[in-house]
Amino acid sequence: MATPAGGAIGIIRISGDNAIHIADKVFEKKGNTKTITDAKGYSLHYGKILSEEKGSKTASLIDEVMLALFRTPHSYTGEDCIEISCHGSAYIMKNILQTLIRQGCVMAQPGEFTQRAFLNGKLDLSQAEAVADLIAATNSATHKMAISQLKGNFSDELARLREQLLKLTSLLELELDFSDHEDLEFADRTQLTALSKQIDSRITALAASFASGKAMKEGIAVAIAGKTNVGKSTLLNLLVGEERAIVSDIHGTTRDVIEDTTVIKGVTFRFIDTAGIRDTEDTIEQLGINRTYRKIDEAAIVIWMLDNMPTKKETEDILNLCKNKTLIVVNNKTDITDITPQLSTLFPQTHIIGISAKRNTNIKQLRDTIHNAAGIPTFTENDVIITSARHYDSLLKAHESITNVIQALDMNLSGDLISEDLRSALHHLADITGGAITTEETLSNIFQHFCIGK
């Protein structure tokens, strides 16, 4: 089933060599005596789905449906494909499935349609992974990244790198295989080094985008920290738009970490309300404080809430605790006392904003500050942002191989040693899309570009 049961419309898909033949057994067209086996691809048909094969005396009507027909290779899977749009009743969809299975269909495994699309060359591996990302997209940023990858922007980028690497490999293979031909001229090592550095620069840039891509995909972690009773839980509730944390004037109310997400300007942020930091003899509260320190360490952004001027030691402790973090210092309870101007002298080059969580003052400005502090790059669905740890790992390995190539060229090592590292780089890039590099392909590249034997 392409859709879950229970909606107004349900879609059931069939793919494979016998898809059209099996569907034709139980589908009775209206207004036309021809069967769907004679129909053209990209055609839509109205008719009935029967409980048994057409002509059977026991066949009964299950539902009136629309049937879309796609012929190989012009379908999502690259195979003959049928899509049945029926009413979304769980009973109707179950009966249609059972009928199709009796006629020879087999239930698909999770992801099998996309897997078939990959195996039939309709998608490469990175595009197939983008399908899952597109389904899981929860905001405009993750949607743009998934669309970019599904459109093949990342694949095209890798193809260009792959072509350049093949050129390098071909030059070295040419040098190795035809070194006895004195009349052949090879590219000098300076040109090879320049091209290698150009390729490595792009691989490094792609790998560097992973930090932003991963954060946007998983949600940027923002820890809300500070002393007890400064309004951390109230702020969390305001930011996520619901009562997620208990709010009380009693110190030490929050004893565990509370997390929730919300979207700000198309980007998901994961807010973490932590236990208030103070000296305590309460064992349970101390456990919560220990977790606070761990969450601050894990967060990309820390919102430190204050409702009065911190001492010099407290200021130093905050700065040390949030070292290497993006720090936003929030003066809460500005309706009582506003110390925001004085905080600027204590926390230079830090985002500082005054709010009143109780009166919902400056919360929109705080949300804008959080978004700006995240440093999200501006990108479109045509830009390439790496979001997969698998892709990132392959890029790092390719970078390592190209670094070895550059070093080998600088040391004027033999071409066979350099060629080995080039092949390694090609292999790691091919891992991303699921392709493979063959000797035949390298040789083909040699003959195409150098026309040996003319």
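Author: Before looking at strand S9, take the word buried, which means under 20% relative accessible area, while exposed means over 50% and partly exposed lies in between (1.4 Å probe, protein chains only). This is a predicted model, in which local features need pLDDT of at least 70 and side-chain atom pairs count only at pLDDT 80 or more, whereas totals for chains, interfaces and linings use all residues. Residues are numbered from 1 along each chain as its sequence is written, and side-chain values use heavy atoms, with hydrogens and water left out.

Reader: How many residues of strand S9 are buried?

Author: Helices (H or I, at least four residues) and strands (E, at least two) are DSSP runs, numbered from the N terminus. In strand S9 (residues 301-306), six of the six residues are buried, so the strand is largely enclosed by the rest of the structure. Ile-301, Ile-303 and Met-305 are buried on one side, and Val-302, Trp-304 and Leu-306 are buried on the other, which leaves both faces of S9 covered.

Reader: Which strand pairs with S9 over five bridges, and which is joined to S9 by six?

Author: Two strands pair if DSSP finds at least two bridges between them. Strand S6 (residues 220-226) pairs with S9 in the parallel sense over five bridges, and within this pairing Ala-225 has Trp-304 of S9 as its bridge partner. Strand S10 (residues 326-331) also runs parallel to S9, joined by six bridges, and here Ile-303 stands opposite Ile-328 of S10.

Reader: How should I read helix H7, and where do its buried residues lie around the axis?

Author: The expected span of a helix is 1.5 Å times one less than its number of residues. For the 20 residues of helix H7 (residues 189-208) this should be 28 Å, and the end C-alpha atoms are 28 Å apart, which agrees. The buried residues of H7 include Leu-192, Leu-195, Ile-199, Ile-203 and Leu-206. The buried residues cover an arc of only 165° around the axis, which puts them on the same side of H7; the arc is that of the directions from the helix axis to the C-beta atoms. On the face turned away from this buried side, H7 carries the exposed residues Thr-190 and Ala-208.

Reader: Is Arg-116 buried, exposed or partly exposed, and where is its place?

Author: Arg-116 has its place in helix H3 (residues 112-119), and it is partly exposed, with a relative accessible area of 27%. Arg-116 and Gly-78 are 38 residues apart in sequence, and their C-alpha atoms are 7.7 Å apart in space.
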